[in-house]
Amino acid sequence: MIPLLGLIGGVLIGLLWGPDVPLVLQPYLPIAVIAALDAVFGAVRAVLDGIFNDKVFVVSFLANVVVAAFIVFLGDQLGVGSQLSTGVVVVLGVRIFSNVASIRRHLFRA
Amino acid sequence: MSTAPPTPPSPPTRTGPGYGPDDGEGPSSWKRLLRMARPRATRANAFAALLAIALGFAIATQVQQTDQSGLEQLREDELVRILDDVNQEQGRLANDTRELESSRDALLSGASSSSEALKSAQDRLDTLGILTGTSPATGPGIVVTINDPDHKVTSARLLDALQELRDAGAEAVQIGDVRVVASTWFADVDGAIEVSGQRVAQPYSIKAIGDPATMASAMDIPGGVTESVRGDGATPTVRQAESIDITALHSLQAPRYARPVPAPSK
């Protein structure tokens with residue numbers, strides 16, 4: 001409940017404040033957001049599986065974000081930034097879909 | 001992090017963490033979710049909340065960023081196309097600007113020249129109004145009064161007086177209640193004098209606007225109007241005034257035959 005409230009609060013802060021993304025972070029923020037979403041859905045699934053662990057969630061969240069941003073950064077350095085971004089988004093998207101499917105099976109038995 | 005991670009509260013009815021798919025146990029899944037959603041005062045939970053805040057903030061910021069620009073997402077050829085479009089648009093708008101500026105200048109100069117034309121037309125109208133007797137006039141001048149109880153003065157005498165005043169530079173003349181214009185005529189009718197068909201009441205009063213001294217001396221020259229009238233047996237008086245109002249108006253009639261010759265076009 002508290003993380004959900006935090007999510008809503010963060011969205012509100014972002015909407016009201018509306019800061020510009022620093023130029024350095026602009027390529028990485030979208031990927032980092034998707035990676036974080038992947039961690040969140042994974043956490044919900046873990047809750048339903050009964051294996052949720054706060055520490056694991058926090059660590060996986062941060063690791064997801066950092067690794068995703070690092071991959072994009074590396075791709076930029078190698079000159080394949082856009083392709084690698086697409087690849088990361090596809091992989092994370094697939095993971096999110098599978099997590100959501102698992103959650104759905106738990107909650108709706110369908 | 002806490003060395004002993006808080007174990008997730010295990011459901012009291014179901015023993016064990018429940019690895020693997022819960023076969024057809026939807027309601028307990030909801031309960032588990034709700035139980036996890038309950039606020040727990042642990043550092044990890046607070047940290048998770050912090051991360052959630054950061055995530056929400058990042059999402060909102062990124063969405064706004066994407067809304068704002070959108071150009072970063074485009075490929076190179078699209079950017080080139082957009083640049084071309086912008087350049088063409090800029091050229092077109094520059095053309096528009098030039099045209100509008102030139103038409104604005106034309107309108108501005110036209111407005112000033114038309115106001116000039118209006119002013120000169122108004123001046124001309126005033127002059128013509130005084131000349132044709134359609135406008136009241138005011139200015140310095142003289143008033144000639146002829147007291148003629150015995151009706152000795154003839155209309156020819158008044159015509160002489162008028163001619164004398166015109167020679168002396170009278171610009172606007174009124175006899176009795178009649179404005180004197182180019183078509184004014186005089187007649188003797190039954191011992192009285194008519195000017196343009198209107199009987200002039202005694203004593204005859206001639207108002208003339210012009211240089212007062214010149215006109216007064218023109219009246220008084222030997223053998224002039226004053227002397228002739230006095231010889232007729234009437235009493236003339238000439239009064240100079242700083243300001244004379246000529247208020248009688250002449251109503252114009254459109255000419256039946258005369259037509260203006262069109263001015264040669266420049």
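**Exercises on a predicted two-chain model**

In this predicted model, the largest nonpolar core holds 28 residues, and those touching the most other members are I142(B), I146(B), L165(B), V173(B), I175(B) and I206(B).

**Exercise 1.** Determine which elements of chain B give two or more residues to this core, and examine the surroundings of V173(B).

*Solution.* Step 1: the contributing strands of chain B are β1 (137–147), β2 (172–175), β3 (178–180), β5 (192–195) and β7 (204–209), and the helices are α4 (155–167), α5 (212–220) and α6 (225–232).
Step 2: set aside the neighbours of V173(B) within four places in sequence; its contacts are then L162(B), V178(B), R179(B), V180(B), I206(B), K207(B), A208(B) and I246(B).
Step 3: a second, separate core comprises 17 residues, including V33(A), A46(A), V47(A) and L51(B).

**Exercise 2.** Describe the sheet formed by β4, β5 and β6 of chain B, and explain why β4 and β6 stand at its edges.

*Solution.* Step 1: the sheet is open, with three strands in the order β4-β5-β6 (chain B) and antiparallel pairing.
Step 2: β4 (186–189) and β6 (198–199) of chain B each have a single partner strand, so one side of each lacks a neighbour in the sheet.
Step 3: two bridges join β5(B) and β6(B) in the antiparallel sense; V195(B) has Q198(B) in β6(B) as its bridge partner.
Step 4: α4(B) lies across β4 and β5 of chain B, at about 155° to β4(B).

**Exercise 3.** Compare the annotated transmembrane regions of chain A with the modelled conformation.

*Solution.* Step 1: an unreviewed UniProt entry places transmembrane regions at residues 25–44, 56–74 and 80–101 of chain A.
Step 2: residues 25–44 of chain A are 80% helix and 0% strand, with end C-alpha atoms 28 Å apart.
Step 3: residues 80–101 of chain A are 95% helix and 0% strand, with end C-alpha atoms 31 Å apart.

Methods. Residues numbered from 1 in each chain as written. Chains lettered and ligands numbered in written order. Predicted model: local features only at pLDDT ≥ 70, side-chain atom pairs only at ≥ 80, totals over all residues. Heavy atoms only, no water. Core = buried A, V, L, I, M, F, W, Y, C linked by side-chain atoms within 4.5 Å. Buried < 20%, exposed > 50% of the residue type's maximum accessible area, 1.4 Å probe, protein only. Helix = DSSP H or I, 4+ residues; strand = E, 2+ residues; numbered from the N terminus. Contact = heavy atoms within 4.5 Å. UniProt positions renumbered as here; feature names shortened; annotations may be inferred. Pairing = 2+ DSSP bridges. Axes fitted to C-alpha atoms, helices over the stretch in contact; angles between N-to-C directions.
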